[in-house]
Amino acid sequence: GTIGPIAINPSLLSKMPYDPIRDLAPISQAAVAVNVLVVHPSLPVKSVKEFIALAKSRPNDLNYGSSGSGAADHLAGELFNAMVGVKMAHIAYKGGAPAMLDLVGGNVQLVFSTLSTATAAIEGNRVRALAVAGSQRFPGMPDLPTMSEAGLKGFEVNNWYGLFAPAGTPKDIITRVSADAGKALAMADVKKRLMEAGIIAVSSSPEAFAAYIRAETDKWGKVIRDAKIKAD
């Protein structure tokens, strides 16, 4: 399962065929696909602090692309709006790649893109990376700060993946699979393969993962309600 169907959709959709909390048993978090704030090179900013100052000076004049309405990169922009007190316009695309193409072309001015989508454009100097949006720096780009480190303290968007079983699965099975997942995710070759795709391996106990899901559901529910986002 991922952040969207588990923690975002319950607030985004008016009806769902399942209840993530009631119908699923968390086993372990598995990975985080790193999101990165990238801007078009024409913007006169080289840091998050400079970008915040620019956004405040042009509070209704910037637009950002995303992979779709209600996706993590869309909500990252809305979280930025709320924390900074601006109103950047959201442009939804059918996937992260089209959004990145329009950013390179200058049709949008920024994207909170996944690293897997943005890396080629960053390395080709076609977009400028300002910070990663997660809770920790990405080991593959250690000089790139987090948003919190760069001036927007508390800004965190973790585009996460996790393992689940049907509700009612015996606890000893959940515990054993969680332990095995943790061992696998700690393997050097697994971590290396994931990092090459812009993903950080993360494991957790079933209890810690359940608490994290509740916190994420509350966090993104507030962002969705405050921004009045609906996908259906």
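The exercises below, each with a worked solution, concern a predicted model of a protein.

**Exercise 1. Overall dimensions**

Task: Decide what the radius of gyration of the protein says when set against that of a compact globule.

Solution.
Step 1. The protein has 232 residues, and a compact globule with that number of residues would have a radius of gyration near 17 Å.
Step 2. The protein has a radius of gyration of 18 Å, which agrees with the value for a compact globule.
Step 3. For the extent along the principal axes, the C-alpha trace spans about 55 × 40 × 30 Å.
Step 4. Burial and surface can be added to this picture. Buried residues account for 46% of the 232 residues. The accessible surface is about 11100 Å², and carbon and sulfur atoms hold 56% of it.
Step 5. Take the contacts between residues at least 6 apart in sequence: 74% of them join residues at least 24 apart.

**Exercise 2. The sheet of 5 strands**

Task: The protein contains 10 helices and 8 strands. Give the strand order of the open sheet of 5 strands, name its edge strands, and place the helices H3 and H5 against it.

Solution.
Step 1. The order is E4-E3-E5-E2-E6, and the pairing is mixed.
Step 2. The edges are strand E4 (89–92) and strand E6 (128–132), each of which pairs on one side only.
Step 3. On average, neighbouring strands in this sheet are turned by 30° against each other, with direction ignored.
Step 4. Look at the E6 edge in detail. Strand E2 (residues 35–39) pairs with E6 in the antiparallel sense, over 4 bridges. Within this pair, Leu 37 has Ala 131 of E6 as its bridge partner.
Step 5. Now add the helices. Helix H3 (residues 48–57) lies across E2, strand E5 (110–114) and E6, and runs at about 100° to E6. Helix H5 (residues 96–104) also packs on the sheet, where it touches E2, strand E3 (63–66) and E5. The direction of H5 makes about 140° with that of E5.

**Exercise 3. The sheet of 3 strands**

Task: Work out which strands stand at the edges of the open sheet of 3 strands, and why one side of each is left without a neighbour.

Solution.
Step 1. The order is E7-E1-E8, with antiparallel pairing.
Step 2. E7 and E8 each have a single partner strand, so they stand at the edges and one side of each has no neighbour in the sheet.
Step 3. Neighbouring strands here are turned by 35° against each other on average, direction ignored.
Step 4. Helix H10 packs on this sheet and touches E1 and E7; the direction of H10 makes about 75° with that of E1.
Step 5. Count the bridges. E1 is joined to strand E7 (residues 159–166) by 8 bridges, and to strand E8 (residues 199–201) by 3 bridges.
Step 6. Ala 33 takes part on both sides: Asn 159 is the bridge partner of Ala 33 in E7, and Ile 199 stands opposite Ala 33 in E8.
Step 7. Check the burial of E1. Strand E1 (residues 24–33) is mostly covered, with 8 of its 10 residues buried.

**Exercise 4. Salt bridges and their surroundings**

Task: How many salt bridges does the model have? Examine three of them, Arg 22 with Asp 23, Glu 78 with Lys 87 and Lys 222 with Asp 226, and classify their residues where an accessibility is given.

Solution.
Step 1. Side chains of opposite charge can pair when their charged atoms come close. The cut-off for a salt bridge is a nitrogen to oxygen distance within 4 Å, and the count comes to 6.
Step 2. Arg 22 and Asp 23 meet at 2.9 Å, N to O. Arg 22 is exposed because its relative accessibility is 57%, over the 50% limit. Asp 23, at 27%, is partly exposed.
Step 3. In the bridge between Glu 78 and Lys 87, the closest N and O atoms are 3.6 Å apart. Glu 78 has a relative accessible area of 9% and is therefore buried, the limit being under 20%. Lys 87 is partly exposed at 45%.
Step 4. Lys 222 and Asp 226 meet at 2.6 Å, N to O. Both residues lie in helix H10 (residues 206–227), 4 residues apart, which is about one turn of the helix. Lys 222 is partly exposed, with a relative accessible area of 49%.

Key
Residues are numbered from 1 along each chain as its sequence is written. This is a predicted model: local features need pLDDT of at least 70, side-chain atom pairs count only at pLDDT 80 or more; totals for chains, interfaces and linings use all residues. Side-chain values use heavy atoms; hydrogens and water are left out. Two strands pair if DSSP finds at least two bridges between them. Helices (H or I, at least four residues) and strands (E, at least two) are DSSP runs, numbered from the N terminus. Axes are lines fitted to C-alpha atoms, for helices over the stretch in contact, and angles run from 0 to 180 degrees between N-to-C directions. Contact means heavy atoms within 4.5 Å. A salt bridge is a side-chain nitrogen of Lys or Arg within 4 Å of a carboxyl oxygen of Asp or Glu. Buried means under 20% relative accessible area, exposed over 50%, partly exposed in between (1.4 Å probe, protein chains only). The radius of gyration is taken over C-alpha atoms; the globule rule is 2.2 Å times the number of residues to the power 0.38. Accessible areas come from the Shrake-Rupley method with a 1.4 Å probe; for residues, only the protein chains shown count as cover.
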